[in-house]
Amino acid sequence: MAAHRKPRQRSVGGSTARTAWTIALAGAASATGFDGTGHAEPQLTPAQVKAKVDKLYQEAEVATEKYNGAKEKADAAERRIRTLQDEAARRTEKLNSARDALGSMAAAQYRDGGLDPALQLALSDDPDRYLDGAEFAERAGNRQAASVAGIREQLREIEQLRGAARIELTSLKSRQAELHRHKDTITGKLDTARGLLARLTAEERAQLQGSASRAARSSTSARDALAVPGSAAAQAPNSRAAAAISYAYSKLGSPYVWGATGPDAFDCSGLTQAAYRAAGLSLPRTTYAQIDAGRRVSRSELLPGDLVFFYSGISHVGLYIGNGQMIHAPNPSAPVRVAPLDEMPFAGATRVV
């Protein structure tokens with residue numbers, strides 16, 4: 001009679017557990033694609049990509065204006081440091097001359113032996129001449145004391161200059177760190193935008209680029225219309241506004257490059273600054289400083305040559321040319337061009353001339 005055997009139990013680590021683990025792993029693989037990114041992002045439509053890219057460009061421009069402001073302050077700190085260093089060097093040279101003169105005076109006194117005045121008088125062959133010399137020596141002593149006091153004052157002033165230079169250097173290092181932060185933000189936003197555009201098919205990218213090309217052709221037509229009677233420059237209220245408009249027209253089609261102020265590439269505030277610089281007027285570097293550079297005007301009061309600003313953070317600026325149009329440097333996707341004011345949320349305007 002055969003012995004009855006107890007059925008063998010499957011171990012936890014057996015085939016059943018392996019099957020469960022395989023199923024779980026397969027599910028995880030399908031969810032992550034083995035790339036550790038979690039659920040795959042849904043495919044965006046070209047319109048959604050454009051909206052995201054436009055938002056990234058706007059955020060990059062906010063960072064660009066902050067970069068421009070920090071760079072302006074860093075450049076000013078560098079100029080102040082150079083001025084302080086030059087002044088400290090000039091005063092140090094003057095101090096060294098005073099020290100040499102004082103040293104010569106002290107050496108002469110040492111050579112005279114420093115005898116007691118009464119003994120020198122007793123030993124003198126010519127008392128009258130000695131008394132004249134003693135009076136001179138007293139005056140020389142007064143000059144020596146004044147020289148010492150002057151040297152002490154010069155030392156104090158030089159140390160003050162060096163202290164001011166150290167403060168400016170600390171400020172400069174802070175501004176440079178700020179520049180790096182804003183630069184990282186800008187390049188990160190632009191890299192993300194390029195990544196989104198790279199997801200589109202060649203046909204979809206061509207459609208978006210076609211829109212930019214049509215805008216560029218519109219800009220060229222606007223530039224060609226400059227010589228037509230009644231053009232924006234002719235309608236400008238004064239010669240400086242007309243000169244700024246003419247400059248902006250001449251730059252239509254120039255590429256947008258963040259941080260650039262011309263002559264071959266621009267960001268938005270770089271273009272308006274360059275336009276008025278050509279007209280003989282110095283504007284601040286950033287949008288949020290340019291809006292306070294002149295007299296605020298309402299949209300209904302706009303005249304050609306006024307600066308027009310957009311977004312709640314005043315992060316974009318253009319040059320108004322009349323008829324609801326402006327010339328501006330939009331973003332990396334488009335060159336300097338003519339565009340309607342309604343293209344972006346209007347935030348204010350200022351008249352600088």
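How many bridges join strand S2 (residues 307-310) to S3? Four bridges join the two strands, which run antiparallel; strands here are DSSP runs of E with at least two residues, helices are DSSP runs of H or I with at least four, both numbered from the N terminus, and two strands pair if DSSP finds at least two bridges between them.

This is a predicted model, in which local features need pLDDT of at least 70 and side-chain atom pairs count only at pLDDT 80 or more, while totals for chains, interfaces and linings use all residues. Residues are numbered from 1 along each chain as its sequence is written, and side-chain values use heavy atoms, with hydrogens and water left out.

**The whole chain**

Begin with the full chain in cartoon view: its secondary structure comes to nine helices and six strands. Of its 353 residues, 35% count as buried, where buried means under 20% relative accessible area, exposed over 50%, and partly exposed in between (1.4 Å probe, protein chains only). With a contact defined as heavy atoms within 4.5 Å, residues 24 or more positions apart account for 65% of the contacts with a separation of 6 or more.

**Strand S3 and its two neighbours**

Select residues 316-322, which form strand S3; seven of its seven residues are buried. On the S2 side, phenylalanine 310 stands opposite histidine 316 of S3. S2 and S3 form a hairpin with five residues between them, and tyrosine 311 in the turn has a positive phi of about 75°.

Next, add residues 325-328, strand S4, which is joined to S3 by three bridges and runs antiparallel to it. Here glycine 322 has glutamine 325 as its bridge partner. Two residues separate S3 and S4 in their hairpin, and asparagine 323 in this turn has a positive phi of about 55°.

**The nonpolar cores**

Now display the side chains of Ile245, Tyr276, Leu307, Leu319 and Ile327. These have the most contacts inside the largest nonpolar core, which has 33 residues; such a core is a set of buried Ala, Val, Leu, Ile, Met, Phe, Trp, Tyr and Cys residues joined through side-chain atoms within 4.5 Å. The elements that give two or more residues to this core are helix H6 (232-235), helix H7 (239-250), helix H8 (268-278), S2 and S3. H7 gives the most, with seven residues.

Centre the view on isoleucine 245. Not counting residues up to four places away in sequence, isoleucine 245 touches eight listed neighbours, among them Ala232, Pro304, Leu319 and Ile321. A second, separate core of 19 residues includes Ala63, Ala193, Leu196 and Leu200.

**Salt bridges**

Finally, show the charged side chains. The structure holds 17 salt bridges, each a side-chain nitrogen of Lys or Arg within 4 Å of a carboxyl oxygen of Asp or Glu.

Select aspartate 342 and arginine 299, whose closest N and O atoms are 2.6 Å apart in a salt bridge. Aspartate 342 lies in the loop between strand S5 (337-340) and strand S6 (346-351), and arginine 299 in the loop between strand S1 (295-297) and S2, so the pair ties together parts that are 43 residues apart in sequence. Aspartate 342 is exposed at 61% relative accessibility, whereas arginine 299 is partly exposed at 37%.

Move on to arginine 337 and glutamate 343, which meet in a salt bridge (3.4 Å, N to O). Arginine 337 is buried, with a relative accessible area of 13%, and glutamate 343 is partly exposed at 36%. The last selection is Glu87, Arg90, Arg91 and Glu157, joined into one network by salt bridges that share partners.
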